[in-house]
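Welcome! Here are some short exercises to work through with the structure in view, each with a solution in steps.

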Amino acid sequence: MRFPYKTDYGQDLDLFKSSSDRFWYGLLALVLLSMPLWVDTFWLGEVSYVFILGIVGIGLMILTGYAGQVSIGHAAFLGIGAYTHAILLSMGTPFVVSLVGATALSTLIGAGVGFPALRVAGIYLAMATFAFNFLVEFVFVRWESMTGGFSGFAVASPEFLGVSFTSGGGFYYICLLSIVLAILLTLNLLRSPTGRALIALRDSETAAQALGVRLARYKTTAFAISAGLTGFAGALFAHRIGYLAPDIFTIMFSIQLLLMVVVGGMGSIHGAIFGAIFVGALPQLIAIMRDYLPDSVARQPGIEPGIFGLLLVLTILFEPRGIYGRWLKIKHYFSVFPMHKKAAFSRQKSYTKSER
Amino acid sequence: MAIFQARDVAIKFGRISAVDGVTFDIEPGTVFTIIGPNGAGKTTLFNLISRLYDTSAGTLTFEGRDITNLPAHSIAGLGIARTFQNLELFDHATVLQNLLLGRHAHTRSNLVAELLFLGSVRREELAHREKVEEVIDFLNLHKYRDSMIVNLPYGVRKVVELARALCSEPKLLLLDEPSSGLNTEETGEMAFWIHDIRDRYGITVLMVEHDMGLVNRVSDKVLALNYGRVITIGTAAQVQSHPEVITAYLGG
Ligand SMILES: Nc1ncnc2c1ncn2[C@@H]1O[C@H](COP(=O)(O)OP(=O)(O)OP(=O)(O)O)[C@@H](O)[C@H]1O
Ligand SMILES: [Mg+2]
């Protein structure tokens with residue numbers, strides 16, 4: 001097992017903790033940057049989609065995994081970003097400006113949705129975000145002059161010097177750049193006082209207040225940032241699907257997004273990314289699986305949500321720290337091989353709280 | 001002049017007067033202890049001072065300033081820190097993160113600077129870290145720095161909570177039963193630290209405690225509370241020999 005040798009406190013603030021970190025992330029960067037050279041358009045699109053989901057995962061992770069506020073309405077923010085971006089583009093707004101506009105609107109609405117969170121928590125907050133999702137879907141349907149109602153509308157595909165950058169390799173690089181920026185900004189936030197304050201309100205609002213954390217301010221901040229990132233991802237998502245319709249941004253999709261962070265591993269950015277890879281790859285896996293299942297099962301319409309639900313339950317039962325938690329255990333197993341102890345990860349008994 | 005004053009402070013939960021017309025003064029640089037049987041209203045009084053509960057009557061004054069109606073989150077910034085009877089740590093964070101949160105009332109950085117992690121943010125973080133390390137030295141928490149709270153034994157958690165309160169550099173420190181759940185050895189250590197907190201750092205301590213040995217060792221003044229009312233205030237010996245205090249403890 002390696003212990004990083006620390007010589008000053010600044011090292012705890014650095015993003016890369018060791019030279020082996022730097023090596024592995026450097027290698028990953030090379031693989032990702034060169035991907036358009038050795039991967040076909042279909043798979044490039046799939047990987048781009050994973051990047052988009054990853055940005056949503058990071059946004060939702062900040063809110064749910066760090067600040068402890070559950071949202072089952074994030075598909076609504078994705079939709080707000082997508083529609084705003086597509087509408088702005090159709091009015092001739094330049095791509096980057098429209099992207100910023102979609103992000104800004106989504107951030108503002110997110111801050112607004114944060115308001116009920118100041119009064120209600122837990123299941124009631126979840127229900128409030130659920131209701132919000134319905135409301136937004138309703139607006140997409142009814143505001144026909146803007147959204148095209150039920151029938152929706154096609155997303156414009158802007159070109160730069162005659163080359164479309166909203167498909168293929170160009171789009172891939174835009175998504176890659178976006179997720180890298182999203183990760184960097186988030187990691188910066190998390191190693192700052194604001195990131196700690198979010199953890200504080202997740203673990204004990206009482207103690208947080210007593211230490212001077214303004215609950216209202218940080219809950220609103222968490223919602224705003226989370227919605228902003230999700231709206232931004234929504235703008236990219238609009239290009240990925242090419243055609244917007246209200247029945248895309250449903251509660252079902254919101255639940256799938258929440259599932260992504262739970263299965264990936266709560267309370268870590270790695271978890272959000274692992275979750276995105278998983279959710280992005282799952283439809284392909286299910287498609288492959290269908291070939292091996294008896295027809296009567298494979299043709300069931302509810303099979304996809306069913307599998308999602310099952311996985312969620314299994315994760316909560318057997319690996320509450322998600323895929324990332326499992327990954328850490330595997331890494332630990334090899335780093336101490338052959339000295340692995342079965343009890344290395346079992347927790348000490350937690351002390352129950354009866355009162356304050 | 002007293003650093004802290006309570007005047008006729010009261011709170012009712014429905015028809016129960018949990019705290020009822022409580023008045024006392026705390027002199028700076030002293031250890032002021034509140035004793036009383038279970039349910040006497042000691043923790044409730046702490047919650048009133050931390051502004052987690054609203055008083056139904058009376059005033060609370062800290063350094064000459066009326067704090068009766070301030071929001072709970074502004075109390076730390078004035079220089080009042082506390083621990084909780086049943087621990088309110090951030091369980092899924094490390095000891096270091098918990099202690100840095102103790103510095104929250106002193107943070108200045110803004111969101112944009114944080115998102116970009118500008119030099120100013122890094123410098124501020126390093127300054128907070130220095131302060132936190134001083135407290136880690138004082139309470140001997142070195143080996144737990146990077147441990148998650150959920151993985152620590154109760155005795156250590158208790159010390160971490162004290163450390164977190166100290167990190168906010170309080171002038172008045174509220175300790176709710178600092179020795180509960182600790183063994184004799186750990187209680188002895190706690191007594192030593194409370195002395196040091198008063199004498200080395202000049203912090204005024206307001207403490208709730210059941211362990212009379214600890215009360216006698218560290219208290220400058222003792223207040224006995226029963227059914228939300230003050231029975232008597234005096235030295236530890238005076239209070240313990242007061243007839244009403246004796247009957248209160250014998251369950252009279
Ligand atoms: N939030 C609340 N709602 C209703 N009643 C409460 C509340 N908090 C405290 N009480 C009541 O106020 C009374 C005083 O409780 P408190 O916790 O202050 O006692 P205590 O002196 O700290 O006791 P202990 O020694 O057991 O800690 C009790 O009767 C308790 O039931
Ligand atoms: Mg109590």
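## Exercise 1: around the ligand

In this predicted model, helix 1 (residues 42-49) of chain B gives the largest share of the shell around ligand 1, namely three residues.

**Task.** Find which residues come nearest to ligand 1, and where polar atoms meet its oxygen atoms.

**Solution.**
1. Start with the neighbours: there are 13 residues around ligand 1, and B:Gly39, B:Lys42, B:Thr43, B:Thr44 and B:Gln85 come nearest.
2. Sort the shell by class: it holds seven polar, four nonpolar and two charged residues.
3. Look at side chains: B:Lys42 places a polar side-chain atom 2.8 Å from an oxygen atom of ligand 1, and a polar side-chain atom of B:Gln85 also lies 2.8 Å from an oxygen atom of the ligand.
4. Now try the backbone: at B:Ala40, a backbone N or O atom lies 3.2 Å from an oxygen atom of ligand 1.
5. Finish with the cover: the protein buries 68% of the 630 Å² that ligand 1 exposes when taken alone.

## Exercise 2: where the chains meet

**Task.** Describe the contact between chain A and chain B: how many residues does each chain bring, and which helix of chain A gives the most?

**Solution.**
1. Count residues: chain A brings 41 and chain B brings 45.
2. Add the area: about 4100 Å² is buried between the chains, with 59% from carbon and sulfur atoms.
3. Look for salt bridges: there are three between the chains, including one joining the side chains of A:Asp12 and B:Arg129 (2.7 Å, N to O).
4. Pick out the helix: on the side of chain A that touches chain B, helix 8 of chain A gives the most, with eight residues.

Key
Residues are numbered from 1 along each chain as its sequence is written. Chains are lettered from A and ligands numbered from 1 in the order in which they are written. This is a predicted model: local features need pLDDT of at least 70, side-chain atom pairs count only at pLDDT 80 or more; totals for chains, interfaces and linings use all residues. Side-chain values use heavy atoms; hydrogens and water are left out. Contact means heavy atoms within 4.5 Å. Buried area is the accessible area (1.4 Å probe) that two parts lose on being put together, summed over both. A salt bridge is a side-chain nitrogen of Lys or Arg within 4 Å of a carboxyl oxygen of Asp or Glu. Helices (H or I, at least four residues) and strands (E, at least two) are DSSP runs, numbered from the N terminus. A residue is near a molecule or strand if one of its heavy atoms lies within 4 Å of it. A polar contact is a pair of N or O atoms within 3.5 Å; within protein, one must be able to donate a hydrogen and the other to accept it, and residues adjacent in sequence count only if both atoms are side-chain atoms. Accessible areas come from the Shrake-Rupley method with a 1.4 Å probe; for residues, only the protein chains shown count as cover. Ala, Val, Leu, Ile, Met, Phe, Trp, Tyr, Cys and Pro count as nonpolar, Asp, Glu, Lys and Arg as charged, and the others, Gly among them, as polar.
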